[in-house]
Amino acid sequence: AERNLGPAEIAQLVEFLTKHDILNPLFNGLGLLVKDKINDPEVRKTIQALMMKIPKERADFFTSATYDYWQELHTERDFIIYNSNKERESVVLGENRLIQRITGQSKKEEYLRNTKATGKYTICNQGAEVRNIIQQGNGIAMVLTIEGAHVLGIDKMNPLSPFFFTDIKDRITTLRNWTQSRIFFITLGHHFDNHISGHAKSLPSPGDILLDQSARLDEGLTDLGEQCVADFLGIAKNQNGQYLPNPSVTGNNILIDLKHSSARTRFDIYERIYKHIPENPPPLIYSHMGYSGVDTLQELIALNNPMGDGSFINRWNINMCNEDLFWAVKTGGLIGLSLDQRICGIDTEAEERNNNKATDLDSTSADALWQNLHGMLEGILKHPKLNTSEKQNLWNLFSLGSDFDGYIDPLNKYATVLDYPALEQDLARNIQQVIFDSNRSQDYFVPAGENAESLARKICFDNAYNFVVAHL
């Protein structure tokens, strides 16, 4: 059940809704008397649906007593399989109302030139299939992943049942053995408690008022969670406390994505599991991340999600610290760069003014993305526990993790995938200025023959492609 909101929280929510043109017709037509009913479940669901831009009927379905994550996962899988490898025509909706409202200018005409799209996607279950589709230019190679281990449906299970752990293990086995739709990786946590891992604060105000994240917020990995991670990875602990390949499991290993996991959960996974894998640890994925600028996870935990300071760095523990970067390098993992404003450290209009960017949102977007990437590069280069050969691989580590399918406020200049060419150009320009124009190629371990454009291309496509081909 959702908690009741107090007068101060309701006032904050109403201020946000009116300021950002959400529910304005309702407020203007009926007056602010609606604020007296914000704790009514139906009113709250309506507001949530409008804020998240989903139909009210969908919000009703998500919150109904009959909704089951595990069953819904199968329904979504069946839908995706049904449409795989079929030629389709669709419309790309590209008008960015936020840019229009803030700047008085609309990209509508630019995007309308690209509205109709014809093509197909094909679900790929092996790296070779991805390679063939890309090389032949034959549509989109789709690789399936899951965001949030709550899809196991643990909320519908009885934890006191003697079959509780066995039932969860069976469901993981089911996922491992999907043949038409292999799951490449799973994000361990998401926005709320799933009894597996602690989640990081992810919803800014007023989303955190309507959607209460407090249950097990910022807490660690549970014993159930440790078992789930081991089962996803196909490993088991021996008598010496080491995690080794488990010969009794069937199907394909599912990699672990640590986006949304709290700093304490990430610490537990490194300390309780990954430090006890003697060789060839499975690569860790950080699918849509920003950089905190903090050295260790313990420091990040102690900071307790401070407000932004205008530095294009978000120190909430949802973002990576240097200790996370160490494990990403050590495991040969992959980091997706988030394109969400708050994750990249743009918290308020005041911060934009502090950075003299209030009238230049395009520059703000480019600066925010670059500062997060550059911070990570420096965090790896200066890490005392990484050797030179490990640091030399840093340009293979980064990719794009837009989170465009999530509840986000994207960087204004890169609001849709239609803006990716501009993003790649901006990355190349920053790399050129900071690294090549300053004659610092050796300091940044730039491989022989690479230039600013080729490094930007690696981040925008090549690294993710090579990682999938190698590990799927």
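Helices, of the H or I kind with at least four residues, are DSSP runs numbered from the N terminus. The model on display is a predicted one, and the tour below follows that numbering.

**First stop: helix H14**

Select residues 322–330, which form helix H14. Eight of its nine residues are buried, so the helix is largely enclosed by the rest of the structure. The buried residues are Asn-322, Glu-323, Asp-324, Leu-325, Phe-326, Trp-327, Ala-328 and Val-329. After H14 comes Gly-332, which has a positive phi, near 65°.

**Second stop: Ile-335 and the nonpolar core**

Next, select Ile-335, a residue of strand E11 (residues 334–337). Is Ile-335 buried or exposed? With a relative accessibility of 0%, Ile-335 counts as buried, the cut-off being under 20%. Display the residues around it: leaving aside neighbours within four places in sequence, Ile-335 is in contact with Tyr-286, Met-289, Met-320, Leu-325, Ala-328, Met-376, Leu-397, Phe-398 and Ser-399. Two of these contacts, Leu-325 and Ala-328, are among the buried residues of H14. A further residue to mark is Ile-459, which is 124 residues from Ile-335 in sequence, while the C-alpha atoms of the two are 9.7 Å apart in space.

Now widen the selection to the largest nonpolar core, which has 90 residues. Within this core, Leu-152, Tyr-286, Ile-335, Trp-395 and Phe-398 touch the most other members. Helix H16 (residues 361–381) supplies the largest share of the core, nine residues. Another core, of 12 residues, lies apart from it and includes Val-130, Phe-185, Leu-255 and Val-468. In soluble globular proteins, nonpolar side chains tend to be buried together.

**Third stop: helices H8 and H19**

Two members of that other core, Val-130 and Val-468, lead to the next selection: helix H8 (residues 127–136) and helix H19 (residues 452–471). These helices pack at an angle of about 140°, with their axes 7 Å apart. H8 is therefore oblique to H19. On the H8 side, Gly-127, Val-130, Arg-131, Ile-134 and Gln-135 meet Phe-461, Tyr-465, Val-468 and Val-469 of H19. By class, this contact has six nonpolar, two polar and one charged residues.

**Fourth stop: helices H5 and H9**

Select helix H5 (residues 69–83) together with helix H9 (residues 164–176). Here the packing angle is about 10° and the axes are 13 Å apart. H5 and H9 are therefore roughly parallel to each other. Trp-70, Leu-73 and His-74 of H5 meet Arg-171, Thr-174 and Leu-175 of H9. The contact of H5 with H9 has three nonpolar, two polar and one charged residues.

**Fifth stop: two loop residues with positive phi**

Move to the loop between strand E9 (255–257) and helix H12 (263–272), and select His-260. His-260 is not a glycine, yet has a positive phi of about 75°. This histidine is buried, with a relative accessible area of 5%.

Then select Asn-305, in the loop between helix H13 (297–303) and H14. Asn-305 is also a residue other than glycine with a positive phi, near 55°. At 12% relative accessibility, Asn-305 counts as buried.

**Last stop: the cysteines**

Finally, select Cys-228 and Cys-344. Cys-228 counts as buried at 0% relative accessibility, and Cys-344 counts as buried at 1%. How many disulfides are found in the whole structure? A search finds zero.

How values were computed:
Residues numbered from 1 in each chain as written. Predicted model: local features only at pLDDT ≥ 70, side-chain atom pairs only at ≥ 80, totals over all residues. Heavy atoms only, no water. Axes fitted to C-alpha atoms, helices over the stretch in contact; angles between N-to-C directions. Parallel < 35°, antiparallel > 145°, perpendicular 65-115°, else oblique. Contact = heavy atoms within 4.5 Å. Nonpolar A, V, L, I, M, F, W, Y, C, P; charged D, E, K, R; others polar. Disulfide = S-S within 2.5 Å. Buried < 20%, exposed > 50% of the residue type's maximum accessible area, 1.4 Å probe, protein only. Core = buried A, V, L, I, M, F, W, Y, C linked by side-chain atoms within 4.5 Å.
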